[in-house]
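Let's take a friendly walk through the empty spaces, the sheets and the chain contact of this structure. Have the viewer open as you read.

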Amino acid sequence: MSTHRPEHPGGSEPAQNLDYRIAHLQDRLASGELGELGVRVEARGQTVLLTGTVPSAPCREEILRTVHEELAGVAVHSDLVVTETSSPDHAEELA
Amino acid sequence: MIRIAAVGDIHMGPDSRGLLRPAFETLPECADLLLLAGDLTRHGTPEEARVVAQEVRDLGVPVVAVLGNHDHHDDKPDEVTAILRDVGAHVLEGQGTVVESGGSRIGVAGTKGFGGGFVGRCAGEFGEPVMKEFVRYSRRRADALRAALERLGEEGCDARIALTHYSPVPETLAGEPLEIYPFLGSYLLAEAIDTAGADLAVHGHAHAGSEHGMTSGGVRVRNVAQPVIGRAFHVYHLPVRDHATTGAAAQAAR
């Protein structure tokens, strides 16, 4: 009978678990300087995908900087778009 | 016809100063009032509120706003409200206001609202004190919205609009993960709107949601979160009805 017990029965080191790293990133985006709750962060295979609309280009740059810092070593694909600020070209008629 | 411009979730900060002003300056040509559906700032700081105030001051159309959860983050909602009121915006929390514009009397009842979820998939007033308070907080906001809409009904407006930050219906959340719906709105808001009656309900908060929805009582709902509408604002043309249809007579007719 083996008496060997893995140091981490659940698998990888918690600090390396991508799920938790993503959760911590989202906490940091929400509660930090950015107050950003509108960015979706999802694991896609070995990479992470960012989607959502952000208020300004500087805001997007700051988010990406934070993401790369928090997820160092993970490939990140960003599809974040900056919100459109033009006037509408039509109105909706509510009958 | 009443022309209603609306946007929510503009999330302004010092780096977005002036971004919306060019579009807002076109409002007198296309709208009778501007509704702001909360999350006007990122953290609810006075500094951010002053950016919003400069964006909406002296627009030439009345501005009616509610605050959102972001506008509460810095625990200074009263200060944010005061800064916006200083430039003439009507900021509502469980209140109504009547603005006269374009020859019409437009009643707007507003509350931030809160979460809790939707019928059959919602939080209940049960268990731990914090859970009960969560639901009571949401209920108090919905009750205040209903009372404000009812008062507007008695005042004989040409139209009554319910303005919230959180959503009254799940349809306008389509696109958001189902798991977070209880944090995005509450059926209590829809029940208040259907009980008191309204011509339109406008909300924000759900950036990945959808624009169009309807309460089970038949009131149109529009999610005007800026990421959803993809513009500085959207405009809705509402036919002017007989005063009787927005007031007590409408209730009696149901």
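## The largest pocket

In this predicted model, the largest pocket holds about 860 Å³ of space. Its lining is made up of 34 residues, and those nearest the centre are Leu37(A), Gly38(A), Glu176(B), Ile180(B) and Leu184(B). Three elements of chain A give two or more residues to this lining: α1 (18-31), β1 (40-44) and β2 (47-54). Of these, α1(A) gives the most, with four residues.

What is the chemical character of the lining of the largest pocket? By class, 15 of its residues are nonpolar, eleven are polar and eight are charged.

## Two enclosed cavities

Searching the whole structure turns up two cavities of 30 Å³ or more. The largest cavity has about 110 Å³ of space. It is lined by 18 residues, with Glu36(A), Thr53(A), Pro55(A), His11(B) and His207(B) closest to its centre. The elements that supply two or more residues to this lining are β2 of chain A and α7 (226-229) of chain B. Seven of the lining residues are nonpolar, eight are polar and three are charged.

The second largest cavity has a volume of about 50 Å³. On the chain A side, Pro55(A), Thr83(A) and Thr85(A) line this cavity. From chain B come Ile10(B), Met12(B), Ser16(B), Leu19(B), Leu20(B) and Gln226(B). Here the lining divides into five nonpolar and four polar residues, with no charged ones. Pro55(A) is worth finding in your viewer: it is among the residues closest to the centre of the largest cavity, and it also lines the second largest cavity.

## The sheet of chain A

Chain A has an open sheet of three strands in the order β1-β2-β3, with mixed pairing. Why is one side of β1 and of β3 (75-82) left without a neighbour in the sheet? Both strands stand at the edges and each has a single partner strand, so one side of each stays unpaired. On average, neighbouring strands are turned by 15° against each other, direction ignored.

The antiparallel pairing of β1(A) with β2(A) runs over five bridges, and Ala43(A) has Val48(A) in β2(A) as its bridge partner. Two helices go with these strands. Helix α2 (residues 57-70) of chain A packs on the sheet and touches β2 and β3 of chain A, its direction making about 165° with that of β3(A). Helix α1(A), already met at the largest pocket, lies across β1 and β2 of chain A and runs at about 165° to β1(A).

## The sheet of chain B

The open sheet of chain B has six strands in the order β5-β6-β9-β10-β12-β11, again with mixed pairing. At its edges are β5 (95-101) and β11 (212-214), each pairing on one side only. The twist from one strand to the next averages 25°.

Strands β10 (residues 200-203) and β12 (residues 220-223) of chain B run parallel and are joined by three bridges. One pair to look for is Val202(B) with its bridge partner Arg222(B) in β12(B). Helix α5 (residues 129-154) of chain B packs on this sheet, where it touches β5, β6 (104-111) and β9 (159-164). The direction of α5 makes about 165° with that of β6(B).

## Where the chains meet

The contact takes 24 residues from chain A and 33 from chain B. Between them the two chains bury about 2,300 Å², 50% of it on carbon and sulfur atoms. Which three residues supply more than any other three of the area that chain A buries against chain B? They are Thr85(A), Glu92(A) and Leu94(A), which supply 27% of it. Thr85(A) also appears in the lining of the second largest cavity.

Definitions and conventions. Residues are numbered from 1 along each chain as its sequence is written. Chains are lettered from A and ligands numbered from 1 in the order in which they are written. This is a predicted model: local features need pLDDT of at least 70, side-chain atom pairs count only at pLDDT 80 or more; totals for chains, interfaces and linings use all residues. Side-chain values use heavy atoms; hydrogens and water are left out. On a 1 Å grid over the protein atoms alone, a cavity is a set of points where a 1.4 Å probe fits but cannot get out, and a pocket is an open set with protein on both sides within 12 Å along at least five of seven lines; lining residues have an atom within 4 Å of a point. Grid points are joined across faces, edges and corners, and a volume is the space filled by probe spheres set on the points. Ala, Val, Leu, Ile, Met, Phe, Trp, Tyr, Cys and Pro count as nonpolar, Asp, Glu, Lys and Arg as charged, and the others, Gly among them, as polar. Two strands pair if DSSP finds at least two bridges between them. Axes are lines fitted to C-alpha atoms, for helices over the stretch in contact, and angles run from 0 to 180 degrees between N-to-C directions. Contact means heavy atoms within 4.5 Å. Buried area is the accessible area (1.4 Å probe) that two parts lose on being put together, summed over both.
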